[in-house]
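I opened the model to look up a few points and wrote each one down as I went. The entries follow in the order of the notebook.

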2 protein chains.
Amino acid sequence: MKILIVDDEKDILEFLSYNLEKEGYQVSTALNGMLALDIAKKIKPDLIILDVMMPEMDGISTCSELRKIPETQNSLILFLTARSEEYSELAGFNAGADDYVTKPIKPKLLISRIKALLKRNKNNESSSSIKIEDIEIDKERHVLMYRGEEIHLARKEFNLLYYLMSIPGKVFTREEIISEVWNDAYVGDRTIDVHVRKIREKTGSNYIKTIKGVGYKFDI
Amino acid sequence: MKILIVDDEKDILEFLSYNLEKEGYQVSTALNGMLALDIAKKIKPDLIILDVMMPEMDGISTCSELRKIPETQNSLILFLTARSEEYSELAGFNAGADDYVTKPIKPKLLISRIKALLKRNKNNESSSSIKIEDIEIDKERHVLMYRGEEIHLARKEFNLLYYLMSIPGKVFTREEIISEVWNDAYVGDRTIDVHVRKIREKTGSNYIKTIKGVGYKFDI
DNA sequence: ATATATATTAATGAATTGTTAAATTTATAG
DNA sequence: CTATAAATTTAACAATTCATTAATATATAT
């Protein structure tokens, strides 16, 4: 689960990073709203923690901007506010915030609030199954049905195929695939190929087409 | 669906009544905790919305009392809290609350939260017994029937299997499992495995499938 | 034909889960 | 209340699966 923290105080960034990473979250940080927008576009965080009080671009403006870009349209946004800034609540919710936590921050409380938010959000997620002709990939069940047979795919194989099937026919570049499926990890050139091969092998077919010099696409 | 709203401010009662009735709920109101108990006994509401801050008998005490009378033992209870009353969250959940919404109240948010609560509840309540082929798990009797034989499962084992069987085929992540079965307790990495193993051992079969890197699921 | 991109294969090492026994906590009977 | 049993959790280590790479082969565009 990816979290982006935005605050102009380095101390707070470190404090929160430490506590959230300890919980197993993948944490990124930004010192101001502008940076936050750039980073958010790249990493597509599931949750963004925004300080309301920041110089230049405050949390509320940042929130509004974040809601405009597709990468964070559906991210959860949690505000950090000083106890006195009650006014900000209305403005914040209008700008699209999902929850608030007041300073001083108590890590345990923050974490329980984050968990509650993520949990709540999960319940609203739409159907996770994609079906194209006789192929159906079901994220909830983590199963690939092919001509009535259940085929087991390992995690990366599954995520890769799911990503390709999310927009059938679209060619995904290697960069796009590495960004989405590998979270921008540094992996060798052949890694994708090997995974594609495994999928082709397991399904005994070739719905994943190679577009030489461009990338891969799922197509019947 | 019957909802009881408890708040000492008439304005809020009216505001909420208006918004909830518009959604088709059958709304009753009470101006304090004592009244709430009386009314609740009569109408047996499915959901009770409780303001935490009330003179005389506050929301948390009212909640505790409501949990004691049979008419509302299984009702859903949702708290309204001011942003600053952080303490109430912990105390509220201990008193038996199911969810909370912070003021100022956004009707859209409140309604979506109510719907989520009712939905969640329906799934849990519909039948306390889940039967899949020759396996039947009965929450009321706290018993697992497998091929006509009664198998004793310890409490955690039972809860875990029940959770997995609640949506057969769905992969539950370790996070989800810890959140639901262990109430977010900090338990070691191997705890779930050991419980899974015990269940597999006792049933002498493997209906609990491991999806490596993802989680576990119940599947025939 | 040649350069470049992709496919294949097998080996390695990392990550995750399984197993067992012992330690700890909780429940139960006397 | 205490002794005992049962349940739960932890820790250590084994087993397994998966991801990645490297080496090499093959395919494709120009």
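I call a residue buried when its relative accessible area is under 20%, and exposed when that value is over 50%. The model is predicted, so I kept to local features with pLDDT of at least 70.

**Entry 1. Aromatic pairs**

I started with Tyr207(B) and Phe218(B), and I find Tyr207(B) buried and Phe218(B) likewise. Next I searched the whole structure for ring pairs, and the search gave eight aromatic pairs over all chains. For each pair I note two values, since a pair of aromatic rings is described by the distance of the centres and the angle of the planes.

In chain A I looked up Tyr207(A) with Phe218(A): the centres are 5.9 Å apart, the planes make 45 degrees, and the pair is tilted. Where in the chain do Tyr207(A) and Phe218(A) lie? Tyr207(A) is in the loop between α8 (190-203) and β11 (208-211), while Phe218(A) is in strand β12 (residues 215-218), eleven residues apart. Both Tyr207(A) and Phe218(A) are buried.

I then checked chain B, where Tyr207(B) and Phe218(B) also form a tilted pair, with 5.9 Å between centres and 50 degrees between planes. Here Tyr207(B) sits in the loop between α8 and β11 (208-211) of chain B, and Phe218(B) in strand β12 (residues 215-218), again eleven residues apart.

Back in chain A, I followed the ring pairs further and found that they join Tyr146(A), Tyr207(A) and Phe218(A) into a cluster.

**Entry 2. Lysine over a ring**

I found the charged end of Lys170(A) over the ring of Phe172(A), 4.9 Å from the ring centre. In chain B, I found Lys170(B) over the face of Phe172(B), at 4.9 Å from the centre of the ring.

**Entry 3. Two helices of chain B**

I compared helix α6 (residues 155-166) of chain B with helix α8 (residues 191-203) of chain B: their axes come within 10 Å and cross at roughly 85 degrees. Angles from 65 to 115 degrees count as roughly perpendicular, so α6(B) and α8(B) are roughly perpendicular to each other. Which residues meet there? From α6(B) I list Lys156(B), Glu157(B), Leu160(B) and Leu161(B). From α8(B) I list Ile192(B), His195(B), Val196(B), Lys198(B), Ile199(B) and Lys202(B). I sorted the residues of this contact into five nonpolar, one polar and four charged.

**Entry 4. Positive phi**

I looked for unusual backbone angles, given that most residues other than glycine have a negative phi. Arg147(A) is not a glycine, yet its phi is positive, about 50 degrees. I place Arg147(A) in the loop between β8 (143-146) and β9 (149-151) of chain A. Arg147(A) counts as exposed because its relative accessible area is 56%.

Lys44(B) has a positive phi near 45 degrees, and I place Lys44(B) in the loop between α2 (33-43) and β3 (47-51) of chain B. Asn183(B), just after α7(B), has a positive phi of about 50 degrees. In helix α7 (residues 174-181) of chain B itself, I noted the buried residues Glu176(B), Ile177(B), Ile178(B), Ser179(B) and Val181(B).

**Entry 5. Thr62(A) and chain A**

Is Thr62(A) buried or exposed? Thr62(A) counts as buried because its relative accessibility is 0%. Thr62(A) is in helix α3 (residues 59-68) of chain A. Leaving out residues up to four places away in sequence, I find Thr62(A) touching Gly33(A), Ala36(A), Leu50(A), Met54(A) and Met57(A).

For chain A, I recorded eight helices and twelve strands, with buried residues making up 47% of the 220 residues.

Note on methods:
Residues numbered from 1 in each chain as written. Chains lettered and ligands numbered in written order. Predicted model: local features only at pLDDT ≥ 70, side-chain atom pairs only at ≥ 80, totals over all residues. Heavy atoms only, no water. Helix = DSSP H or I, 4+ residues; strand = E, 2+ residues; numbered from the N terminus. Buried < 20%, exposed > 50% of the residue type's maximum accessible area, 1.4 Å probe, protein only. Contact = heavy atoms within 4.5 Å. Axes fitted to C-alpha atoms, helices over the stretch in contact; angles between N-to-C directions. Parallel < 35°, antiparallel > 145°, perpendicular 65-115°, else oblique. Nonpolar A, V, L, I, M, F, W, Y, C, P; charged D, E, K, R; others polar. Phe/Tyr/Trp six-rings, centres within 6.5 Å; stacked < 30°, edge-to-face > 60°. Lys NZ or Arg CZ within 6 Å of the ring centre and 35° of its normal.
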